[in-house]
Amino acid sequence: MTFQNDGEPAVFDRFDRIEAILLRYPDIDEAELADLKRWFGKEASAFEVASLASKDNVQRQYGEFRRTHIDRLTPVELLMGALVVVVLLAGVAAIALA
């Protein structure tokens, strides 16, 4: 990564911009957080995510960001999972009682 005269990373492309934001995580604003979420969720290829995750200088920030914002299940996902469990248990109970 290249640095400007003021010590801030110079941004040349989208990947570099995401890396620069991630380097400052969690001390970023809401717009930058939304940018990270959009990039990881919709824009980045698997290769780009793997390339970024393997960089030593952002591993701590990447891990923290991923645990907090990417790997978490949403309430809808939790509800759907619970619904699947209930349906499966009902099916097993119906077979056992038949």
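What share of the contacts in the protein with a separation of 6 or more comes from residues 24 or more positions apart? In this predicted model, such residues account for 46% of those contacts, and the paragraphs below follow several of them through the chain. The secondary structure comes to five helices and zero strands, so that a reader moving along the sequence meets the pattern α-α-α-α-α. Of the 98 residues in the protein, 26% are buried.

Two packed helices are described by the angle between their axes and the distance between the axes. For helix H1 (residues 14-24) and helix H3 (residues 46-53), the axes come within 11 Å of each other and cross at roughly 40 degrees. That angle makes H1 oblique to H3, and the crossing in which H1 passes H3 is right-handed. On the H1 side the meeting residues are Phe 15, Ile 18, Glu 19 and Leu 22, while H3 brings Glu 48, Ser 51 and Leu 52. Sorted by class, this contact of H1 with H3 has four nonpolar residues, one polar residue and two charged residues.

One of the residues that H1 brings to this contact, Glu 19, deserves a separate look. Is Glu 19 buried or exposed? With a relative accessibility of 2%, Glu 19 counts as buried, because the cut-off for that class is under 20% relative accessible area. Glu 19 and Asn 57 stand 38 residues apart in sequence, and their C-alpha atoms are 9.3 Å apart in space.

A second helix pair, H2 with H4, has axes that come within 12 Å and cross at roughly 85 degrees. The two helices are therefore roughly perpendicular to each other, since angles of 65 to 115 degrees fall in that class. Helix H2 contributes Leu 33, Leu 36, Lys 37 and Phe 40 to the contact, and helix H4 contributes Tyr 62, Phe 65, His 69 and Ile 70. By class, the residues of the contact of H2 with H4 divide into six nonpolar, one polar and one charged.

Within this contact, Phe 40 of H2 is a useful residue to follow outward. Phe 40 is buried, with a relative accessible area of 10%. Leaving aside residues up to four places away in sequence, Phe 40 touches Ile 18, Leu 22, Val 49, Leu 52, Tyr 62, Phe 65 and Ile 70. Among these, Ile 18 and Leu 22 belong to the H1 side of the contact with H3, and Leu 52 to the H3 side, whereas Tyr 62, Phe 65 and Ile 70 lie in H4. Phe 40 and His 69, which are 29 residues apart in sequence, are 10.0 Å apart from C-alpha to C-alpha.

The aromatic residues offer another route through the structure. A pair of aromatic rings is described by the distance of the centres and the angle of the planes. A search of the whole structure finds five aromatic pairs. In one of them, the rings of Phe 15 and Trp 39 have centres 6.2 Å apart and planes at 70 degrees, so the pair is edge-to-face. This pair links distant parts of the chain, with Phe 15 in helix H1 and Trp 39 in helix H2 (residues 30-43), 24 residues apart. Both partners are buried, Phe 15 with a relative accessible area of 18% and Trp 39 with 2%.

The rings of Tyr 25 and Phe 65 likewise form an edge-to-face pair, with centres 5.6 Å apart and planes at 85 degrees. Here Tyr 25 sits in the loop between H1 and H2 and Phe 65 in helix H4 (residues 59-70), so that the pair links parts of the chain 40 residues apart. Tyr 25 counts as buried at 6% relative accessibility, and Phe 65 is buried with a relative accessible area of 0%. Phe 15, Tyr 25, Trp 39, Phe 40, Tyr 62 and Phe 65 form one aromatic cluster.

Tyr 25 also leads to a feature of the backbone. Most peptide bonds are trans. The bond from Tyr 25 to Pro 26, however, is cis, with omega near 10 degrees, and Pro 26 lies in the loop between H1 and H2. Tyr 25 is touched as well by Gln 61, which contacts Leu 22, Leu 23 and Tyr 25 when residues up to four places away in sequence are not counted. Gln 61 has its place in helix H4 and, at 7% relative accessibility, counts as buried.

Terms used. Residues are numbered from 1 along each chain as its sequence is written. This is a predicted model: local features need pLDDT of at least 70, side-chain atom pairs count only at pLDDT 80 or more; totals for chains, interfaces and linings use all residues. Side-chain values use heavy atoms; hydrogens and water are left out. Axes are lines fitted to C-alpha atoms, for helices over the stretch in contact, and angles run from 0 to 180 degrees between N-to-C directions. Helices (H or I, at least four residues) and strands (E, at least two) are DSSP runs, numbered from the N terminus. Angles under 35 degrees count as roughly parallel, over 145 as roughly antiparallel, 65 to 115 as roughly perpendicular and the rest as oblique. A crossing is left-handed if the near helix is turned anticlockwise from the far one by less than a right angle, and right-handed if clockwise. Contact means heavy atoms within 4.5 Å. Ala, Val, Leu, Ile, Met, Phe, Trp, Tyr, Cys and Pro count as nonpolar, Asp, Glu, Lys and Arg as charged, and the others, Gly among them, as polar. Rings of Phe, Tyr and Trp (its six-membered ring) pair if their centres lie within 6.5 Å; planes under 30 degrees apart count as stacked, over 60 as edge-to-face and the rest as tilted. Buried means under 20% relative accessible area, exposed over 50%, partly exposed in between (1.4 Å probe, protein chains only).
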